[in-house]
Amino acid sequence: MPTYIVLLGPPGAGKGTQAKVLAEKFNLPHISSGDIFRENIKNGTELGKLANTYISQGELVPDDVTIAMIRERFSRSDCVNGAILDGFPRTPAQADALCEMLKEFDGRVNLVPFITAPVEVLIERLAGRWTCRTCGRVYHERFNPPKQHGICDADGGDLYQREDDKAETVVHRIEVYQKQTAPLIDYYKERGVLAEINGFAPIEEVSAQLMAAMKH
Ligand code: ADP
Ligand code: AMP
């Protein structure tokens, strides 16, 4: 049976950080909708141009565009055994679409770790986040610094600060999360797959909580 894990939580909760850990541990692809959008922006595609008008404002990219992009990603063969989803779904309509997509693989969402941390912690994390331009791995200038300033430990890529991590946009992104994405907490609770994870703990402790949730 394939294993599909959806990491749910506000911006800065640690989804991307933990997704990398889970993907390596379980040898599953890490599918980050934000990374796919950023790749398209970097390559100047039509999708990238459209997505950037929303991303730069801290708004969600429309459901139809996002769902089509994820459907295309799922059409690749590496997803048949499962995936670690990070940043998708972000609305109930996206969650319904995901459920339909997974039926094609005889799969379903097996577990939804819901990672939380207080708002002031999220803001501090995003203000100090540095992202690798090539692999999307994230660092924090204080909580998780790279070995060498400005350089990714994993592949030597350049680290940069995301445009949408500036203070004004971050506050708006958290509001957007609360309005549009938080309803997914009850959505997945009702389906019996939600696992609450305390994200306000060191990275290794959050990983340990996730590993424990995976065993249930
Ligand atoms: P998300 O994908 O949920 O937006 P990230 O994984 O990108 O969150 O993490 C946001 C920032 O917080 C990054 O700079 C990351 O290094 C840092 N971070 C992630 N988890 C923790 C943690 N448990 N403690 C401290 N900093 C963390
Ligand atoms: P992230 O990398 O997850 O922080 O996402 C960065 C930005 O990409 C978000 O603020 C949204 O503008 C956009 N985005 C990422 N995933 C989605 C999604 N599932 N639905 C709509 N917009 C998304």
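The following dialogue discusses the backbone, the ligand surroundings and the nonpolar cores of a predicted model.

Colleague: Which peptide bond in this model is cis?

Modeller: As a general idea, most peptide bonds are trans. Here a cis peptide bond joins Phe-88 and Pro-89, with omega at about 0°. Pro-89 belongs to the loop between strand S3 (82-86) and helix H5 (92-103).

Colleague: How should one read a positive phi, and where does Asn-27 lie?

Modeller: Most residues other than glycine have a negative phi. Asn-27 is not a glycine, yet its phi is positive, about 55°. Asn-27 sits in the loop between helix H1 (15-26) and strand S2 (30-32). Its relative accessibility is 69%, so Asn-27 counts as exposed.

Colleague: Is Asp-106 buried or exposed?

Modeller: Asp-106 is exposed, with a relative accessible area of 62%. Its phi is also positive, near 55°, and its place is in the loop between H5 and strand S4 (109-116).

Colleague: Let us turn to the ligand. How many residues surround ligand 1?

Modeller: Ligand 1 is surrounded by 20 residues, of which the closest are Lys-15, Thr-17, Arg-129, Tyr-139 and Ala-201. By class, the shell comprises 10 nonpolar, 7 polar and 3 charged residues. H1, strand S6 (138-140) and helix H9 (203-215) each contribute at least two residues to the shell.

Colleague: Which atoms of Gly-14, Lys-15 and Ala-201 lie opposite polar atoms of ligand 1?

Modeller: For Gly-14, a polar backbone atom is 3.0 Å from an oxygen atom of ligand 1. For Lys-15, an N or O atom in the side chain is 2.8 Å from an oxygen atom of the ligand. For Ala-201, a polar backbone atom is 2.6 Å from a nitrogen atom of ligand 1. Taken alone, ligand 1 exposes 570 Å², and the protein buries 93% of that area.

Colleague: How is the nonpolar interior to be read, and which residues have the most contacts inside the largest core?

Modeller: In soluble globular proteins, nonpolar side chains tend to be buried together. In this model the largest nonpolar core has 33 residues, and Phe-74, Leu-98, Val-112 and Tyr-188 have the most contacts inside it. Among the elements giving two or more residues to this core are strand S1 (3-7), helix H4 (63-74) and helix H8 (183-190). A second, separate core has 23 residues, including Leu-28, Ile-115, Leu-126 and Val-170.

Colleague: With which residues is Tyr-188 in contact, leaving aside its neighbours within four places in sequence?

Modeller: Tyr-188 is in contact with Pro-89, Ala-95, Leu-98, Val-109, Val-112, Val-193 and Leu-194. Pro-89 is thus met again here, having appeared earlier at the cis peptide bond with Phe-88.

Notes: Residues numbered from 1 in each chain as written. Chains lettered and ligands numbered in written order. Predicted model: local features only at pLDDT ≥ 70, side-chain atom pairs only at ≥ 80, totals over all residues. Heavy atoms only, no water. Helix = DSSP H or I, 4+ residues; strand = E, 2+ residues; numbered from the N terminus. Buried < 20%, exposed > 50% of the residue type's maximum accessible area, 1.4 Å probe, protein only. Near = heavy atom within 4 Å. Polar contact = N/O pair within 3.5 Å; in protein donor to acceptor, adjacent residues only side chain to side chain. Areas by Shrake-Rupley, 256 points an atom, 1.4 Å probe, with all protein chains shown as cover. Nonpolar A, V, L, I, M, F, W, Y, C, P; charged D, E, K, R; others polar. Core = buried A, V, L, I, M, F, W, Y, C linked by side-chain atoms within 4.5 Å. Contact = heavy atoms within 4.5 Å.
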